[in-house]
Amino acid sequence: MIYFDNSATTFPSEGVRSIVREYLEDEVSGNPGSLHTLGVKADKLYRECQTNIARLLGADADEIIFTSCATESANTAIRGYVSRNKRSGNKIISTRTEHKATLECLALLEKQGFEVIYLPVDKAGKPNLGLLEEELSKGGVALLCFTLVNNETGSVLPIEEIVDLRNKISRQTAIYLDAVQALGKMKIDLHGLGVDMCSFSGHKIHSVKGTGILYLKSSVKIDPLIYGGGQQKNMRSGTQSLMLAKAFEKALSEAAASMDDSHSDIAKINAYLRSELVKRDAVILSPDDAVPYVLNVSFSGFESETMLHCLEIYKIYVSTVSACSSKAKKVSYVLLESGVDRKIAANAVRLSFSRYNTMDEAKEFIKTIDEIYDTFLVKH
Ligand code: PLP
């Protein structure tokens with residue numbers, strides 16, 4: 001099997017599996033909220049986990065909130081911020097190339113009376129910063145919502161410039177950043193970046209599903225999404241899972257330790273695939289400066305879904321549009337918004353890599369593409 005669909009989800013690493021096994025087999029793992037020794041022990045381990053994760057992300061331990069997934073983190077951040085900070089303005093600025101986790105929150109807020117300004121993006125997926133500057137200068141902007149690495153194209157957001165503009169023009173505007181596809185692929189220093197809220201997902205970095213993080217800067221106040229027993233400083237009620245927190249911590253520390261080597265290996269794989277695919281008349285849709293972990297490519301003569309299923313015959317797994325909406329058989333809205341011609345976008349396939357992929361797999365992929373063209377392409 002060749003698994004090139006790591007932006008959809010990843011397999012738990014061996015290290016993560018063994019942590020999960022260890023906690024499942026622990027018969028009396030306490031509730032971190034309990035006052036007896038088991039609870040105190042669980043709470044201590046939980047806090048250690050928070051501290052380690054915070055250190056790896058350049059944040060403070062009490063700024064790390066454990067959630068079930070990045071979608072929950074996005075909902076908590078976006079909806080919780082505007083609910084709590086009503087006086088900071090009625091406008092939100094974003095783009096139409098965000099993940100649905102953000103777009104659907106924004107659609108809900110529009111129904112509630114917020115004005116959402118969607119900045120156009122260029123062919124490389126970058127939002128128009130001139131327009132951002134103009135809109136910030138008009139005032140009344142509560143929140144900016146952007147994605148650090150686009151899940152379909154790997155396009156990287158110029159976040160430093162965006163933070164600078166916010167700091168220069170509109171300090172009361174908060175920034176929410178979706179860093180789901182950046183985690184493990186680039187160094188993240190949250191305090192250095194200067195964003196206010198940031199979401200992460202464990203299952204994209206070889207943790208298990210059910211593990212998410214919300215970074216909430218200590219000076220930023222939001223309303224919680226989930227009410228109950230007041231766990232996690234009232235920001236996310238519900239008994240904490242030490243096992244899931246540990247799984248995230250393990251996945252993140254493994255990703256951090258292997259990041260430099262993995263980046264250069266994946267960059268070589270990406271460069272090889274790009275050069276071989278263009279020889280076969282494929283159109284590369286990921287920008288040149290995208291993260292190497294994502295390669296969006298349009299194959300002539302095959303619609304996205306047809307190519308996906310042809311590859312599946314050879315046990316090669318890729319995506320069409322992002323996984324959560326791919327069953328809807330639509331052309332990627334991210335590509336269309338980035339100005340890609342509809343016919344080219346209709347044939348787009350996303351290859352996405354992790355540190356476990358190899359050059360041999362990339363060579364096998366190219367061989368398979370040749371075989372698919374020889375076997376399945378209807379010649380006129
Ligand atoms: N944001 C981006 C950029 C993603 O790629 C995804 C998952 O595909 C999400 C958010 C949602 O993550 P989760 O599956 O953890 O809710």
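In the predicted model, the domain assignment divides the protein chain into domain 1, made up of residues 2-9 and 257-376, and domain 2, which spans residues 14-253. Domain 1 is thus assigned from two segments, 2-9 and 257-376. The C-alpha centres of domain 1 and domain 2 are 27 Å apart. Their contact involves 31 residues of domain 1 and 30 residues of domain 2.

The size of an interface is often expressed as the accessible area lost when the parts come together. Between domain 1 and domain 2, about 2,600 Å² is buried, and carbon and sulfur atoms account for 51% of this area. Polar contacts also link the two domains, with 15 residue pairs counted at pLDDT 80 or more for both partners. On the side of domain 1 that touches domain 2, the elements giving two or more residues are helix α8 (242-279), strand β10 (294-298) and helix α10 (333-337). By residue class, this side of domain 1 comprises 15 nonpolar, 11 polar and 5 charged residues.

Side chains of opposite charge can pair when their charged atoms come close. Across the interface of domain 1 and domain 2, 2 salt bridges are found. A salt bridge is also formed by Asp260 and Lys187, with 3.8 Å between the closest N and O atoms. For the structure as a whole, the number of salt bridges is 20. Among them is the pair Asp223 and Arg84, whose closest N and O atoms are 3.9 Å apart. Asp223 is located in the loop between β8 (212-216) and α8, whereas Arg84 belongs to helix α3 (residues 70-84), so this salt bridge ties together parts separated by 139 residues in sequence.

The ligand is surrounded by Cys69, Ala70, Thr71, His99, Asn151, Asp178, Val180, Gln181, Ser201, His203 and Lys204. Contacts to ligand oxygen atoms come from both backbone and side-chain atoms. A polar backbone atom of Ala70 is 2.9 Å from an oxygen atom of the ligand. For Thr71, the distance from a polar side-chain atom to a ligand oxygen atom is 2.5 Å. The side chain of Ser201 likewise places an N or O atom 2.7 Å from an oxygen atom of the ligand.

Key:
Residues are numbered from 1 along each chain as its sequence is written. This is a predicted model: local features need pLDDT of at least 70, side-chain atom pairs count only at pLDDT 80 or more; totals for chains, interfaces and linings use all residues. Side-chain values use heavy atoms; hydrogens and water are left out. Domain bounds come from an automatic or database domain assignment. Contact means heavy atoms within 4.5 Å. Buried area is the accessible area (1.4 Å probe) that two parts lose on being put together, summed over both. A salt bridge is a side-chain nitrogen of Lys or Arg within 4 Å of a carboxyl oxygen of Asp or Glu. A polar contact is a pair of N or O atoms within 3.5 Å; within protein, one must be able to donate a hydrogen and the other to accept it, and residues adjacent in sequence count only if both atoms are side-chain atoms. Helices (H or I, at least four residues) and strands (E, at least two) are DSSP runs, numbered from the N terminus. Ala, Val, Leu, Ile, Met, Phe, Trp, Tyr, Cys and Pro count as nonpolar, Asp, Glu, Lys and Arg as charged, and the others, Gly among them, as polar. A residue is near a molecule or strand if one of its heavy atoms lies within 4 Å of it.
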